[in-house]
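Visitor: I would like to learn how the words used for a protein model are justified. Could you take me through some of them slowly?

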Amino acid sequence: MTDAQNAAERIAALRSELDAHNYRYYVLDEPSVPDAEYDRLFRELQALEADHPELVTPDSPTQRVGGAALSAFGEVRHEVPMLSLGNAFEEGDLLDFDRRVREGLDLPAGDLFGGGAEIGYSCEPKLDGLAVSLLYEQGRLVRGATRGDGSMGEDISANVRTIRSVPLKLQGKGWPAVLEVRGEVFMSKAGFERLNAAQAETGGKTFANPRNAAAGSLRQLDPKITASRPLEFCCYGVGRVEGIVFATQVGMIEQLREWGLPISRELKLAKGAEACLDYYRDIGERRASLAYEIDGVVFKVNDIGQQRELGFRAREPRWAIAHKFPASEELTELLDVEFQVGRTGAVTPVARLRPVKVAGVMVANATLHNMDEVARLGVMIGDTVIIRRAGDVIPQVMQVVTERRPADARPVEVPQCCPVCGSAVERTQLVKRSKGKETFSEGSVYRCVGRLACAAQLKQAIIHFVSRRAMDIDGLGDKIVEQLVDKGLVASPADLYTLTYEQVVELEGFAELSTNNLLASIAESRTPTLARFIYALGIPDVGEETAKLLARALGSLERIEQALPEVLTYLPDVGGEVAYEIHSFFEDAHNRAVIEQLLARGVELQDQGELHAEFAASTTLGGFLDKLNIPFVAATGAKNLAERFQTLEGVIGADWLDLSAMKGLNEKARQSVREFFAKPENAERARAIEAQLRDFGMHWQSEKKVVEGLPLAGQTWVLTGTLDVMSRDVAKEKLESLGAKVAGSVSAKTSCVVAGPGAGSKLAKANELGVKVMDEQAFVALLDGYGA
Ligand code: 9MJ
């Protein structure tokens with residue numbers, strides 16, 4: 001075989017493998033290989049095509065990147081018009097629609113028992129994006145077009161080709177010679193956030209919402225810009241089709257999925273209008289946790305014969321309807337901006353609005369997050385603003401209608417003194433520690449420095465301290481905490497334990513029985529677990545999970561109090577910032593005094609003692625040296641140092657000759673190592689960290705056993721829900737054997753979430769952040785693939 005024949009075969013094999021991975025990723029939602037493997041195959045294909053340009057075809061996965069920019073879009077005529085949908089806003093509108101459908105089909109309206117003919121409807125969420133048409137001829141994508149006015153649209157072929165979930169070539173078999181697919185191009189909430197953050201950083205245009213971002217990205221004359229935007233596609237119907245007839249709507253969509261087109265995961269068949277309403281309510285409840293924005297749900301008569309019989313009215317099908325969620329954006333006036341003081345002293349701006357009904361709820365306040373957000377919005381008091389209420393979240397100020405700004409609009413200013421206690425308000429500093437240096441920049445948060453001397457912070461601290469998941473003191477509601485603080489009976493959480501009968505019975509709403517009950521539940525709270533106690537302290541950035549982790553890993557309050565920040569960062573999921581928060585909380589004399597008082601007043605921690613140090617797998621000397629942030633010494637340099645000198649003392653004691661004789665460390669780094677350890681405080685600090693790690697039971701591994709080179713090295717996985725085939729512990733072990741870290745919570749840095757049945761908030765979070773999710777079956781297949 002010639003070289004060219006070899007190349008052609010390999011190219012074909014790579015293309016079909018990449019197509020198959022794409023299909024599993026975008027359509028089946030079951031990634032089969034890690035991104036790194038996909039990228040490797042992709043680069044191999046790119047290299048081969050570069051060597052053999054004659055073998056490049058337009059449907060190759062490499063050809064999505066976008067060609068030359070256009071000066072204008074061409075026009076496209078939709079031979080089958082792209083229709084819009086009629087709307088239902090209330091349940092009654094949907095019942096009317098169902099009645100019209102049954103009348104149109106000459107079906108009985110139902111008997112006395114509510115029976116009669118029930119229509120089957122396909123149900124899907126209504127995506128808030130842009131309708132597009134994709135034309136496939138002989139299974140190849142030949143054209144993409146916008147809806148335009150329904151008869152004439154714009155040719156956006158070059159742009160749709162850049163969307164990874166749009167197949168350039170249909171999969172499987174049996175597709176008709178001509179197939180026009182219709183669906184929505186949209187941007188996930190996570191993709192939108194990422195895009196806006198990147199745009200803000202580079203000084204580009206930011207978008208008000210995912211729909212605008214999707215529209216702005218798709219209607220780009222330069223397809224390279226479109227290619228850089230996180231657009232997605234979901235199909236929900238067909239236009240021109242030659243050589244095949246579909247029997248049902250759901251069957252048709254499922255067939256499209258088999259041909260490689262992404263469809264909604266929420267597609268369902270419902271029998272009758274009541275079942276449609278159940279679907280509407282269910283999706284409505286889950287709306288906030290969906291990964292993308294929707295503005296309602298769409299119902300379509302499932303039987304395509306019946307669709308034909310019903311036909312059209314003006315530009316709307318009689319067989320489909322969009323049931324919209326109540327509008328969730330409104331215009332109102334920003335009357336004032338007040339500043340609230342939170343538990344950690346953060347002084348945050350809150351918008352006071354002229355009350356307005358949004359999605360059925362009166363809204364008078366909205367969050368403004370912080371002063372950076374105020375600046376980003378450019379909002380002034382007196383402005384007309386757009387506010388949005390999404391799901392259950394606090395209403396947000398989305399945008400300012402600057403054209404309506406009154407002449408007397410005033411800027412928003414941070415108070416210099418705390419509005420509650422009068423202490424100074426300081427702007428927080430962001431500290432970045434890197435390579436031995438600390439750099440400071442201004443944070444977006446302002447803080448009241450009054451701490452527990454500030455009534456607002458004290459009240460919030462106590463409300464948190466007594467809450468169910470913390471010390472769990474029953475009968476101490478917010479109003480009572482307020483009274484206790486305002487009357488000066490409680491000036492710190494420790495004072496709860498010296499409250500007397502006489503003091504409590506005097507409070508508003510208290511009598512003998514309720515007083516005794518409250519005092520009993522305070523007494524009962526004296527024996528918390530270590531984890532609850534740590535959580536109750538309200539350390540900034542330490543939630544329940546981190547508190548549990550600290551308690552489990554270090555086993556005693558004393559060890560947690562003494563842990564050095566560098567040591568804390570060895571715990572899974574504890575980053576530098578959190579570690580410094582924990583450390584500085586316990587360094588603070590006032591905090592220590594409160595803890596001592598709590599212990600002196602009878603709080604007795606349970607389950608102390610055991611150390612279960614859950615240190616990350618890669619505790620090597622190289623990793624340790626890397627954490628010291630020696631200037632100019634990167635991870636590989638640190639590893640080489642460790643290999644050469646074997647112990648920390650060896651590195652500290654290395655002289656100039658030893659260092660110059662070593663490979664894998666450049667001149668600058670060598671110099672820097674010497675200078676670093678020449679300072680006694682650095683050497684002492686390194687020794688102290690190492691000693692504490694040993695004290696805490698860290699097992700040191702030899703340099704050879706590092707995870708680098710393992711297939712999942714550098715990745716963080718999260719397991720959630722129940723797993724059937726193996727226990728979580730086994731799954732964790734297997735992942736770790738492949739080099740992955742297994743974490744307890746989902747963040748933007750999570751590589752993949754394995755979700756079994758019953759998965760809840762972690763799955764929702766993953767969807768919200770656009771983190772990859774796989775079920776157990778796909779996970780087992782992946783492990784099999786690696787022989788784990
Ligand atoms: C959206 N936007 O999700 C239709 N749509 O059907 C769904 N739009 C539609 N169907 C016919 N799911 C015209 C528009």
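Visitor: Is Tyr-280 buried or exposed, and what relative accessible area does Tyr-280 have?

Guide: Please keep in mind that this is a predicted model. Tyr-280 has a relative accessible area of 11%, and since buried means under 20%, Tyr-280 counts as buried. The reasoning for Phe-325 runs along the same path, because its relative accessible area of 9% also lies under 20%, and Phe-325 is therefore buried.

Visitor: Why is the pair of Tyr-280 and Phe-325 called tilted?

Guide: The ring centres are 5.1 Å apart, which is within the 6.5 Å asked of a pair, and the planes stand at 35°, which is neither under 30 degrees nor over 60, so the pair is tilted.

Visitor: What makes this pair a tie between parts of the chain that are 45 residues apart in sequence?

Guide: Tyr-280 belongs to helix α9 (residues 272-286), whereas Phe-325 sits in the loop between β13 (320-324) and β14 (329-341), so the two rings tie those parts together.

Visitor: How many aromatic pairs does a search of the whole structure find?

Guide: The search finds 11 aromatic pairs. Among them is the pair of Tyr-25 and Tyr-26, with 4.8 Å from centre to centre and 65° between the planes; an angle over 60 degrees counts as edge-to-face, so that is the name this pair receives.

Visitor: Why do Tyr-25 and Tyr-26 count as partly exposed?

Guide: Tyr-25 has a relative accessibility of 30% and Tyr-26 one of 26%. Partly exposed covers what lies between buried, under 20%, and exposed, over 50%, so both residues are given that name.

Visitor: How do you know that Lys-627 sits over the ring of Tyr-570?

Guide: The charged end of Lys-627 is 4.6 Å from the centre of the Tyr-570 ring, a distance within the 6 Å that is required, and the charge is counted as sitting over that ring.

Visitor: At what angle do helix α1 and helix α2 cross, and which hand does the crossing have?

Guide: The axes of α1 (residues 3-27) and α2 (residues 35-51) come within 10 Å and cross at roughly 150°, and the crossing is left-handed. Residues making the contact include Leu-14 and Leu-18 of α1, together with Leu-41 and Phe-42 of α2. Sorted by class, the contact has 10 nonpolar, 2 polar and 6 charged residues.

How values were computed
Residues are numbered from 1 along each chain as its sequence is written. This is a predicted model: local features need pLDDT of at least 70, side-chain atom pairs count only at pLDDT 80 or more; totals for chains, interfaces and linings use all residues. Side-chain values use heavy atoms; hydrogens and water are left out. Rings of Phe, Tyr and Trp (its six-membered ring) pair if their centres lie within 6.5 Å; planes under 30 degrees apart count as stacked, over 60 as edge-to-face and the rest as tilted. Buried means under 20% relative accessible area, exposed over 50%, partly exposed in between (1.4 Å probe, protein chains only). Helices (H or I, at least four residues) and strands (E, at least two) are DSSP runs, numbered from the N terminus. A charge sits over a ring if NZ of Lys or CZ of Arg is within 6 Å of the ring centre and within 35 degrees of the ring normal. Axes are lines fitted to C-alpha atoms, for helices over the stretch in contact, and angles run from 0 to 180 degrees between N-to-C directions. A crossing is left-handed if the near helix is turned anticlockwise from the far one by less than a right angle, and right-handed if clockwise. Contact means heavy atoms within 4.5 Å. Ala, Val, Leu, Ile, Met, Phe, Trp, Tyr, Cys and Pro count as nonpolar, Asp, Glu, Lys and Arg as charged, and the others, Gly among them, as polar.
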